Amino acid sequence: MKKKENKKLSVFEKFASKVTKATGSTPAFLGAFAIVLIWAVLGPFFNYSETWQLVINTGTTIITFLMVFLIQKAQNKDSMAIQLKLNELVASHEFASNRLVDVEDLSEAEMKVLQRYYVLLAELSKKEDSLQHSHSIDEAKETHQIKTAIKKKKRKSQG
């Protein structure tokens with residue numbers, strides 16, 4: 001089944017995936033290091049000429065320029081896969097807030113509003129006696145107030 005899925009990938013996607021995996025490997029680093037070392041050793045033989053410097057500068061600039069796009073392509077794909085997996089988890093959990101599905105499409109201001117809710121949740125969870133208690137965005141404050149009222153009643157009846 002995996003092979004059929006791979007056939008759906010474009011030629012560029014296959015190429016980008018293979019190149020980013022290869023260039024992120026130890027042999028690729030060692031090869032790049034060897035090239036720089038050879039270039040540095042050859043410096044005295046070329047009297048550190050402008051041509052000698054131009055070779056390494058041009059080579060590294062071209063490679064860097066191309067790698068930026070390949071890495072970004074791979075990162076975009078990985079990011080989308082993670083977002084889809086998280087969306088599935090949020091959508092499948094009956095107590096999760098569905099407003100978090102596709103949260104990446106919200107504006108930064110909207111995300112900051114949601115962030116404030118999570119700060120509130122963190123503050124409320126610090127007040128809990130047990131790590132087993134949890135809150136959703138929508139019911140956090142209400143549930144906390146109910147629990148606090150129940151605890152106060154219990155203390156009064158015991159005291």
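This is a short walk through the structure in your viewer, one selection at a time. Keep in mind that you're looking at a predicted model.

**Start with the whole chain**

Colour the protein by secondary structure. You'll find six helices and zero strands, so to speak an α-α-α-α-α-α pattern when read along the sequence. Now switch on the surface. The accessible area is about 13300 Å², and carbon and sulfur atoms account for 64% of it. How much of the protein is buried? Buried residues make up 14% of the 159 residues. As for contacts between residues at least 6 apart in sequence, 28% of them join residues at least 24 apart.

**Next, helix H3**

Select residues 26–42, which is helix H3. Leu-37 sits in this helix. Is Leu-37 buried or exposed? Neither, quite: its relative accessibility is 47%, so it counts as partly exposed.

Leu-37 also belongs to a nonpolar patch on the surface. To see the patch, select Phe-29, Leu-30, Phe-33, Leu-37, Ile-38, Val-41, Leu-42, Phe-45 and Phe-46. Together they offer about 970 Å² of accessible area.

**Now the aromatic rings**

Show the side chains of Trp-39, Tyr-48 and Trp-52: ring pairs link them into a cluster. The protein has four aromatic pairs by count. A pair of aromatic rings is described by the distance of the centres and the angle of the planes.

Zoom in on Trp-39 and Trp-52. They're stacked, 4.1 Å centre to centre with 5° between the planes. What does this pair tie together? Trp-39 lies in helix H3 and Trp-52 in helix H4, so the pair joins parts that are 13 residues apart in sequence. Check the surface around each partner as well: Trp-39 is partly exposed, with a relative accessible area of 22%, whereas Trp-52 is buried at 10%. The cut-off for buried is under 20%, which is why the two get separate labels.

**Last stop, along helix H4**

Select residues 50–92 for helix H4, then pick out Phe-65 and Phe-69. Their ring centres are 5.1 Å apart and the planes meet at 75°, so this pair is edge-to-face. Where do the two residues sit relative to each other? They are four residues apart in helix H4, so about one helical turn separates them. Turn the surface back on here, and you'll see that both Phe-65 and Phe-69 are exposed.

Methods. Residues numbered from 1 in each chain as written. Predicted model: local features only at pLDDT ≥ 70, side-chain atom pairs only at ≥ 80, totals over all residues. Heavy atoms only, no water. Helix = DSSP H or I, 4+ residues; strand = E, 2+ residues; numbered from the N terminus. Buried < 20%, exposed > 50% of the residue type's maximum accessible area, 1.4 Å probe, protein only. Contact = heavy atoms within 4.5 Å. Areas by Shrake-Rupley, 256 points an atom, 1.4 Å probe, with all protein chains shown as cover. Patch = residues over 30% accessible without salt bridge, like charges linked within 9 Å, V, L, I, M, F, W, Y side chains within 5 Å. Salt bridge = Lys/Arg side-chain N within 4 Å of Asp/Glu carboxyl O. Phe/Tyr/Trp six-rings, centres within 6.5 Å; stacked < 30°, edge-to-face > 60°.
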